[in-house]
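User: Hello! I am new to this structure and would like to get to know it step by step. Could you guide me through it?

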Amino acid sequence: MEYITIKGGKKLVGSVDISGAKNAAVAIVPAAIAAQGVCIIENLPAIKDVNVLVGALRNLGIDCQFIDTHTLKIDSQNIKSCAITYDQVKDMRASYYLLGALLGRFKHAQVPLPGGCNFGLRPIDLHMKGFEALGAKINIEHGMVTATAEKLTGTNIYLDISSVGATINIMIAAVYAEGVTHIENAAKEPHVVDTANFLNKLGAKIKGAGTDIIRITGVERLHGGEYSIIPDQIEAGTYMIAAAITNGDVQVNHIIPKHMDSLSAKLTEMGCKVIENGDTIRVIGTENLQACNVKTMFYPGFPTDLHPQMSALLSVANGTSLMTEAVFEHRFQYVKELLRLGANIKVEGRVAIIEGKNTLSGAQVTSTDLRAGAALIVAGLAAHGTTSIGNVKYLDRGYERFEEKLTAIGADISRVHIDE
Ligand code: EPZ
């Protein structure tokens, strides 16, 4: 069993290099299957979800070799199968992108239904609807999704919800569809744009990624190519919030400041100094953090993946804040753990009412999902005394060298392994 322990109360000071975006990586690695040539993907984050995907591709007979920690070479010319087993991908959610990639190129795919997670059912009905609109037959039984098609034909697909996963998955499948596909009410997140840019580098014809309507004109073939993943908006935001909660002074490097606009605006509203300079943002905290109201929205709104971390920060601000979760039906599992650290939060439906107070106190807590775990780390950095966080496996899915990067800017944090 592994725990992360933090002795709180230390100001974070210094600079952090941000890794490649997890949510771009877990789309682009499978999307490389669409290429009939060798792909070199750079700036991959060294995280568990990427390793799980690489294992799954290797099990399909795809040649995947790490050139270095953050660079992967993918050559799918000798692929042997289009069927993924449950055990190969049960530890991650975004295995569903393998469906779009395999269906697009080979017109056949069998991938396990992704498990739910601790903040909702997280259905993939919109993904399936899109594949069927392109001409695929979908069969779901025994926990497996099987998608087959004689051919895929471009069409107009309206997404009832601007789903990131459905947008990306349909886009990947449509690159080989005959004719033109329009995805309407598409998600605009940075990782949607990154995946489109990657596919276009391989010879796809995708226009409009980052807007409400994405147009994909089908092509006969995608060649190989080199591509570098965008920086991780959520990792960067987590360190920016950690700077604020410790009244520190932290610069996050190798980022795209535009991706952080919603958080930068909120931290400024709370009284922090937020200084953008090229590919960096510097956050300088304040003794007098002000409460503010936050509502998560699709990009460019405030990202739901920074909701738990932001609630930890609001727990130590002066005044009452409202955190409204408008993307997932229920993302408040982290609250009961923050209460153990002394936070004062009530949840009414999709709104958390957060009574800020100037101190949290260290305790034993457990992370219930990736970003809930990040929130506990952030809260532990500010809490008086020692905080011990269990279930660190979640953190390893999405944060590269989390303790190492925090230690380098002054945190007193370590990982403890206890034989069960
Ligand atoms: C992606 O999940 C991210 N994961 C999530 O990040 C992120 O929270 C989410 O987008 C929202 O930004 C990856 O990119 C791998 P959605 P995804 O489809 O694509 C509903 C993290 O911590 N919906 O945009 O699964 C859904 O229930 C993770 O990095 C349907 O109803 O999210 C939700 O309410 C957590 N039917 C809303 O849409 C569908 O077919 C948005 O979900 C698909 C989604």
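User: Does His254 count as buried, partly exposed or exposed, and at what relative accessibility?

Analyst: Happy to help! This is a predicted model, where local features need pLDDT of at least 70 and side-chain atom pairs count only at pLDDT 80 or more, while totals for chains, interfaces and linings use all residues. Residues are numbered from 1 along each chain as its sequence is written, and side-chain values use heavy atoms, with hydrogens and water left out. Buried means under 20% relative accessible area, exposed over 50%, and partly exposed in between (1.4 Å probe, protein chains only). His254 therefore counts as partly exposed, at 43%.

User: Where is Asn391, and what is its phi near?

Analyst: Asn391 lies in the loop between strand E22 (386-390) and helix H13 (393-398); helices (H or I, at least four residues) and strands (E, at least two) are DSSP runs, numbered from the N terminus. Most residues other than glycine have a negative phi. Asn391 has a positive value, near 60°.

User: Which residues does Asp49 touch, not counting those up to four places away in sequence?

Analyst: Asp49 is in helix H2 (residues 48-59) and is buried, with a relative accessible area of 1%. Contact means heavy atoms within 4.5 Å. By that cut-off, Asp49 touches Lys22, Val26, Asp91, Met92 and Arg397.

User: How many residues of helix H1 (residues 22-31) are buried?

Analyst: The buried residues of H1 include Lys22 and Val26. Helix H1 is largely enclosed by the rest of the structure, because its buried residues number ten of the ten.

User: At what angle do helices H6 and H7 pack?

Analyst: H6 covers residues 164-174 and H7 residues 190-201, with their axes 10 Å apart. Axes are lines fitted to C-alpha atoms, for helices over the stretch in contact, and angles run from 0 to 180 degrees between N-to-C directions. H6 is roughly parallel to H7, a term for angles under 35 degrees (over 145 is roughly antiparallel, 65 to 115 roughly perpendicular and the rest oblique). The packing angle is about 10°.

User: What is the radius of gyration of the protein chain?

Analyst: The radius of gyration is taken over C-alpha atoms, and the globule rule is 2.2 Å times the number of residues to the power 0.38. For 420 residues that rule gives 22 Å, and the chain comes close to it, so it is as compact as a globular protein of that length. Its radius of gyration is 21 Å.
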